[in-house]
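Student: I would like to learn how to read a model of this kind, feature by feature. Where should we begin?

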Amino acid sequence: MKPGIHPDYHEITVIMTDGTEYKTHSCYGKPGDTLRLDVDTKSHPAWTGVQRILDTGGQVAKFNKRFAGIGSRTKG
């Protein structure tokens, strides 16, 4: 390996969605940092087989409300 071109590889703590944690090596952050997962094998439908029903109508309404003013600006 060439010296000076590789990222620092150090130990971090990973916290799963259920609160369990383990130590691993990564290039993420600084030595001793904590990585909290939003999705992991214990909560993702691909591994659990349980599908979550999304409120698509509510998401569309939220999107429209958030971006309603885009494109309607007038030059002043």
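Tutor: Begin with accessibility: a residue is buried under 20% relative accessible area, exposed over 50%, and partly exposed in between, using a 1.4 Å probe and protein chains only. F67, with a relative accessible area of 34%, is therefore partly exposed. Two notes on the source. This is a predicted model, in which local features need pLDDT of at least 70 and side-chain atom pairs count only at pLDDT 80 or more, while totals for chains, interfaces and linings use all residues. Residues are numbered from 1 along each chain as its sequence is written, and side-chain values use heavy atoms, with hydrogens and water left out.

Student: What percentage of the 76 residues of the protein count as buried?

Tutor: The figure is 11%. For surface area, the Shrake-Rupley method with a 1.4 Å probe is used, and for residues only the protein chains shown count as cover. The protein exposes about 6,900 Å², of which carbon and sulfur atoms supply 55%.

Student: How many helices and strands does the protein have?

Tutor: Helices (H or I, at least four residues) and strands (E, at least two) are DSSP runs, numbered from the N terminus. Here there are two helices and three strands, and along the sequence they follow the pattern β-β-β-α-α.

Student: In what order do the strands of the sheet lie?

Tutor: Two strands pair if DSSP finds at least two bridges between them. In this protein the three strands make an open sheet with mixed pairing, in the order β2-β1-β3. The edges are β2 and β3, each of which pairs on one side only. Angles between strands use axes, which are lines fitted to C-alpha atoms (for helices over the stretch in contact), and run from 0 to 180 degrees between N-to-C directions. With direction ignored, neighbouring strands of this sheet are turned by 35 degrees against each other on average.

Student: Which pairing is parallel and which antiparallel?

Tutor: β1 (residues 10-15) and β2 (residues 21-26) are antiparallel, over six bridges. Among the partners, I12 is matched with T24 and E11 with H25. These two strands form a hairpin with five residues between them, and G19 in the turn has a positive phi of about 100 degrees. β1 and β3 (residues 34-36) run parallel, joined by three bridges. On that side T13 stands opposite T34, and I15 has R36 as its bridge partner.

Student: Is β1 mostly covered or mostly exposed?

Tutor: As a general point, side chains in a regular strand alternate between the two faces of the sheet. β1 is mostly covered, with five of its six residues buried. One residue of β1 is H10, which is buried at a relative accessible area of 6%.

Student: Which polar contacts does the side chain of H10 make?

Tutor: A polar contact is a pair of N or O atoms within 3.5 Å; within protein, one must be able to donate a hydrogen and the other to accept it, and residues adjacent in sequence count only if both atoms are side-chain atoms. The H10 side chain has such a contact of 3.0 Å with the side chain of D8, and reaches the backbone oxygen of G29 at 3.2 Å. Contact in general means heavy atoms within 4.5 Å. Leaving out residues up to four places away in sequence, H10 touches T24, H25, S26, C27, Y28, G29, K30 and P31.

Student: What does S26 touch?

Tutor: With the same sequence exclusion, S26 touches D8, Y9, H10 and I12. S26 lies in β2 and counts as buried, at 18% relative accessibility. The S26 side chain reaches the backbone nitrogen of Y28 at 2.9 Å.

Student: How many aromatic pairs are there?

Tutor: Rings of Phe, Tyr and Trp (its six-membered ring) pair if their centres lie within 6.5 Å; planes under 30 degrees apart count as stacked, over 60 as edge-to-face and the rest as tilted. The count is one aromatic pair. The rings of F63 and F67 have centres 4.8 Å apart and planes at 50 degrees, so this pair is tilted.
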